[in-house]
Amino acid sequence: MASSSVVTQGSNMNGSMGARTRTRTSQLSGFKSTSTRTRTNPNRARKNTARSAQGLNPRAAAQPHSSSSSSSEKNKENNAAAARLKAATSDAAAAPTTQTLDASGFPRLPLPSHPDIIRGEVASNGLRYVILPNPVPPDRFEAHLEVHAGSVDEMEKERGLAHLVEHVTFLGSRKRESLLGTGSRSNAYTDFHHTVFHVHAPIEDSSRPQDGPLLPRVLDALHEIAFAPQFLSSRIEKERRAVLAEAQMMNTIDYRVDCQLLAKLHAENELGVRFPIGLEEQIEKWDEEMLREYHRRWYFPANCTLYLVGDFGVPVDEVKNCIDAAFARAPAKVLDDGEQRAKKHEVRPPVRHVWGAGERLPLDDLPESLTPHLFCHELLEQYMLNVFCKVPAAPVRNHGDLRRVFLQRIVLSVLQFRISSLYQRLARPCFTSIELDHSDSGREGCAVSTLTVTSEPADWEDATRIAVQELRRLQKFGVTQNELQRYTDALLRDSEPADRE
């Protein structure tokens, strides 16, 4: 299997220092992650800054906190939802189908869709929406408007423009400001492939119930943010300063290492260089027309999706009416030839990949893309080895696909247990952490397996040897029957809804 690797190390190779914090690189581009991590010192902090204001996907502000509800109501609704999903699963299994088997003889029954999801589209402009009624927590709902454009869609002279447009449109909205004090909270962020604006709100403002439901006001605010912003010069300058300050705040040694890792992992596409924060020298120069041009190119209804989930307090048909009332007035995209664009931009994901899995290659004749990359810096306190392997993302569409996902989780859990039981009991283990991670992203169109070894500089050889030894042992001999049974039982326990009524 061909792969790429990055080694980082500090200048003090004999010092004994605490573990530095590091972003999990495999999550920086929106990956779903299945991972194991074995650490030898629980007192050593490790912060995961992926997809945060300090990570490679900067957001306008901190992530909102989830709401809570009474346990009795939550249990009732969870059990009801589980019953509906179980019924849908049974229906899918009972439906007539041409049943095929995978390589191991497992039936490829299709996975059921969630029975409560409603999908639709605003007829006048192509805005798609997804509605999921969910009464837990009660009397609250969320609205997320996703614009299918991010930093990889920028031109060379626009490095960071997607992020600045997000700041100006979101924080410049007066209708969003009018939701302050109602019990609502809102936020926005820019990623490689999309920009998202979201509002979490109660059904109504408890201090002013006479004003009626908040859903129409929330949708009206999202409409203004995405499709009717005011690019005031004062707001642009204010947000320009905020973005530049954010860029300075992010410029830590952790961020620099993450940039090195992503540049190596995605050397063949824009993901390795198009970080959402952008380039300071460009951010300082953009004028109002640059922002308006980017907005015209990407912010049109057919290139957006609205997601609504929660307890709306009204029937779904009324929710649909609210969506139409708020967004139907947004004009459809008109191209240069006068044609209206009724769908999002064609190429998704807008990146290409060079896959890392394949035939074994001789170590003395590796292509440049596969040769190890060494990054040294005086601020680095520990040795770290990252080995990547990138393959196409595997879809999860049937029970056989889901079985594969569960088997991956079991294998990763077995590795974690083995390393913990064999080495953590030592008085002085030679590694700080050994991590094996498998992450996939439909947006990126790839899956990445990552081995990360962290140790004190003096212990790097022993730490690397143990990681490779245990991975080879797992590859050669697999898992035992007892290990398989133990983790299968654990998965089943985690999957069964608890009857707490």
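Guide: Welcome! One term before we start: a residue is buried when its relative accessible area is under 20%, exposed when it is over 50%, and partly exposed in between. The model we are looking at is predicted.

Visitor: Thanks! What does the chain look like overall, in helices and strands?

Guide: The chain has 12 helices and 14 strands. Of its 501 residues, 46% are buried. Its accessible surface is about 24900 Å², and carbon and sulfur atoms hold 52% of that.

Visitor: How should I read contacts along the chain? What share of those with a separation of 6 or more comes from residues 24 or more positions apart?

Guide: That share is 82%, counted among contacts with a separation of 6 or more.

Visitor: Now for salt bridges. What is the general idea, and how many salt bridges are there here?

Guide: Side chains of opposite charge can pair when their charged atoms come close. In this model the count is 18 salt bridges.

Visitor: Could we look at one? Which residue forms a salt bridge with Arg240?

Guide: The partner is Glu237, and the closest N and O atoms of the pair are 2.8 Å apart. Both residues sit in helix 5, which covers residues 233–250, and a spacing of 3 residues puts them about one turn of the helix apart.

Visitor: Is Glu237 buried, exposed or partly exposed, and why?

Guide: Glu237 counts as partly exposed because its relative accessibility is 35%, between the 20% and 50% cut-offs. Arg240, by contrast, has a relative accessible area of 7%, so it is buried.

Visitor: Let me try helix 10. Where do Arg404 and Asp401 lie in it?

Guide: They are 3 residues apart in helix 10 (residues 399–423), again about one turn. They form a salt bridge whose closest N and O atoms are 3.4 Å apart. Here Asp401 is buried, at 10% relative accessible area, while Arg404 is partly exposed, at 28%.

Visitor: And why are Arg473 and Glu470 separated by about one helical turn?

Guide: Because they are 3 residues apart in helix 11, residues 460–477. Their salt bridge brings the closest N and O atoms to 2.7 Å. Glu470 is buried, with just 2% relative accessibility, and Arg473 is partly exposed, with a relative accessible area of 32%.

Visitor: So far we have looked at pairs. Which residues are linked in a network of salt bridges?

Guide: Look for Glu156, Arg159, Glu270 and Arg274: salt bridges link these residues in a network. Try finding them in the structure above!

Key: Residues numbered from 1 in each chain as written. Predicted model: local features only at pLDDT ≥ 70, side-chain atom pairs only at ≥ 80, totals over all residues. Heavy atoms only, no water. Salt bridge = Lys/Arg side-chain N within 4 Å of Asp/Glu carboxyl O. Helix = DSSP H or I, 4+ residues; strand = E, 2+ residues; numbered from the N terminus. Buried < 20%, exposed > 50% of the residue type's maximum accessible area, 1.4 Å probe, protein only. Contact = heavy atoms within 4.5 Å. Areas by Shrake-Rupley, 256 points an atom, 1.4 Å probe, with all protein chains shown as cover.
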